[in-house]
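Subject: Structure handover

Hello,

Here is the structure I said I would pass on. My notes on it follow below.

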2 protein chains.
Amino acid sequence: MADKELLETDNNLVAESLICEVECIHPEVIDRFANRIIDVNQANDLADLFKTLGDPTRIRIVDALALAKGEFCVCDLAELLGLSQSATSHQLRVLRNSKLVKFHREGKMVYYSLDDDHVLGLYRQGLEHISER
Amino acid sequence: MADKELLETDNNLVAESLICEVECIHPEVIDRFANRIIDVNQANDLADLFKTLGDPTRIRIVDALALAKGEFCVCDLAELLGLSQSATSHQLRVLRNSKLVKFHREGKMVYYSLDDDHVLGLYRQGLEHISER
DNA sequence: TACTCATATGAACATATATTCATATGAGGA
DNA sequence: TCCTCATATGAATATATGTTCATATGAGTA
């Protein structure tokens, strides 16, 4: 709105403003990259993956499963990490939904483990990153 | 409390309950891993790193910087991603605080780029993970 | 079938966070 | 010095999320 009023006093500015509201943009940069940027859906999926790992409790769960190189039942996980059973179960569900862990039932117990080595790779790379600072 | 009342009718149960509230724990599992689990501070740092990558807007910023293999000024980034200048700046600050991007000033403009190849590695590994499903 | 136990889940609450709007900062130019 | 412009930032708001509490589910067992 402030712009509009200013424009009426300067026709030269009007033309430019109709094309682009801001002056600082480098059109050649935009043109070059505009169609190569990650698709919004993919960005959402990727963000969801990282978001899932973006909680200290879930990190500790993943860490436990990573060092066990095997599986834990919910109850042991809760005890190991000092969490309530409910909190543990809720967080395991989040990890499950993102396919970061898998599980199987054995009688009354449910055992969880990392879904694949990819998860381990991501986790280790993250660990490396924070260690180098 | 429900436990307490039950306990008074069965002394055998009392003893066990005083040691451990839950029955399903495997003590040998706990003992074996209890002292090897990631330190809480480290878990927080690692979660913060992933949390920073856990937002679609920041993912798209990182993606743009990754494919440019160079730098963008704030204004170009905003235009490229269809974001407001303010939102872009706020998110760049988050990325800066987590040391995922670096920047330098040139006159009025500020140019941002990925901080190091580690970030790129993490990003790519995440991409791989979601592509394989 | 009735009971116990391991796990899952829904609701509620407190906290964190992404965006917008308005404004501040600070560099370059007239 | 005053103005413009690129960027940064604070406040406010809407939304997402982690934990707890209470309860449900569902497998084993008497």
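Chain A has eight helices and three strands. Their order along the sequence is α-α-α-α-α-β-α-α-β-β-α. Please keep in mind that this is a predicted model. Of the 133 residues of chain A, 32% count as buried. Contacts between residues at least 6 apart in sequence were also checked for range: in chain A, 45% of them join residues at least 24 apart.

**The A/B interface**

On chain A, 45 residues are in contact with 45 residues of chain B. Five helices of chain A each supply at least two residues to this side: α3 (27-33), α4 (40-53), α5 (56-68), α6 (74-81) and α8 (117-131). The largest share is that of α4(A), with nine residues. By class, the side of chain A that touches chain B holds 27 nonpolar, eight polar and 10 charged residues.

**The core**

Which residues have the most contacts inside the largest nonpolar core? They are Ile61, Ala64 and Leu65, in chain A and in chain B. That core has 54 residues. In soluble globular proteins, nonpolar side chains tend to be buried together.

Ala64(A) is worth a look on screen. Leaving out residues up to four places away in sequence, Ala64(A) touches Phe72(A), Leu77(A), Leu80(A) and Leu81(A). Ala64(A) also touches Phe33(B) and Ile37(B).

**Helix α4(A)**

The 14 residues of α4(A) should span 20 Å at 1.5 Å a residue. The end C-alpha atoms of α4(A) are 20 Å apart, so the length agrees. The buried residues in α4(A) are Ala43(A), Asp45(A), Leu46(A), Ala47(A), Leu49(A), Phe50(A), Lys51(A), Thr52(A) and Leu53(A). Within chain A, the buried residues of α4(A) pack against α5 and α7. In chain B, they pack against α4 (40-53), α5 and α8 (117-131).

**Helix α7(A)**

The 13 residues of α7(A) should span 18 Å at 1.5 Å a residue. Its end C-alpha atoms are 18 Å apart, which agrees. Thr88(A), Gln91(A), Leu92(A) and Leu95(A) are the buried residues of α7(A). These buried residues cover an arc of only 105 degrees around the axis, so they sit on the same side of α7(A). An α-helix has 3.6 residues a turn, so residues three or four places apart point the same way.

What lies on the other side of α7(A)? Ser86(A), His90(A), Arg93(A) and Asn97(A) are there, and they are exposed. The buried residues of α7(A) pack against α4, α5, α6, β2 (101-106) and β3 of chain A.

**The two DNA strands**

DNA strand C is surrounded by 26 residues. The closest are Cys73(A), Cys75(A), Ser86(A), Glu23(B) and Cys24(B). From chain A, α6, α7 (85-97) and β3 (109-114) each supply at least two residues of the surface near DNA strand C, as does α7 of chain B. The largest share, six residues, comes from α7(A). By class, this surface has 10 nonpolar, 10 polar and six charged residues.

DNA strand D also has 26 residues around it. Here the closest are Glu23(A), Cys24(A), Ser86(A), Cys73(B) and Cys75(B). Two or more residues of the surface near DNA strand D come from each of α7 of chain A and α6 (74-81), α7 and β3 (109-114) of chain B. With six residues, α7(B) gives the most. The classes near DNA strand D are 10 nonpolar, 10 polar and six charged residues.

**Backbone points to check**

Most residues other than glycine have a negative phi. These lysines have a positive one:

- Lys69(B) has a positive phi of about 50 degrees. Its place is the loop between α5 (56-68) and β1 (72-73) of chain B. With 9 other C-beta atoms within 10 Å, Lys69(B) is exposed.
- Lys99(B) has a positive phi of about 60 degrees. Lys99(B) lies in the loop between α7 (85-97) and β2 (101-106) of chain B. Lys99(B) counts as partly exposed, with 16 C-beta neighbours inside 10 Å.
- Lys99(A), just after α7(A), takes a positive phi of about 60 degrees.

Best wishes

Methods. Residues are numbered from 1 along each chain as its sequence is written. Chains are lettered from A and ligands numbered from 1 in the order in which they are written. This is a predicted model: local features need pLDDT of at least 70, side-chain atom pairs count only at pLDDT 80 or more; totals for chains, interfaces and linings use all residues. Helices (H or I, at least four residues) and strands (E, at least two) are DSSP runs, numbered from the N terminus. A residue is buried if 20 or more other C-beta atoms lie within 10 Å of its own, exposed if 12 or fewer, and partly exposed in between; C-beta atoms are placed from the backbone. Two residues are in contact if their C-beta atoms, placed from the backbone, lie within 7 Å. Ala, Val, Leu, Ile, Met, Phe, Trp, Tyr, Cys and Pro count as nonpolar, Asp, Glu, Lys and Arg as charged, and the others, Gly among them, as polar. A residue is near a molecule or strand if its C-beta atom, placed from the backbone, lies within 6 Å of it. A nonpolar core is a set of buried Ala, Val, Leu, Ile, Met, Phe, Trp, Tyr and Cys residues joined through C-beta atoms within 7 Å. The expected span of a helix is 1.5 Å times one less than its number of residues. The arc is that of the directions from the helix axis to the C-beta atoms.
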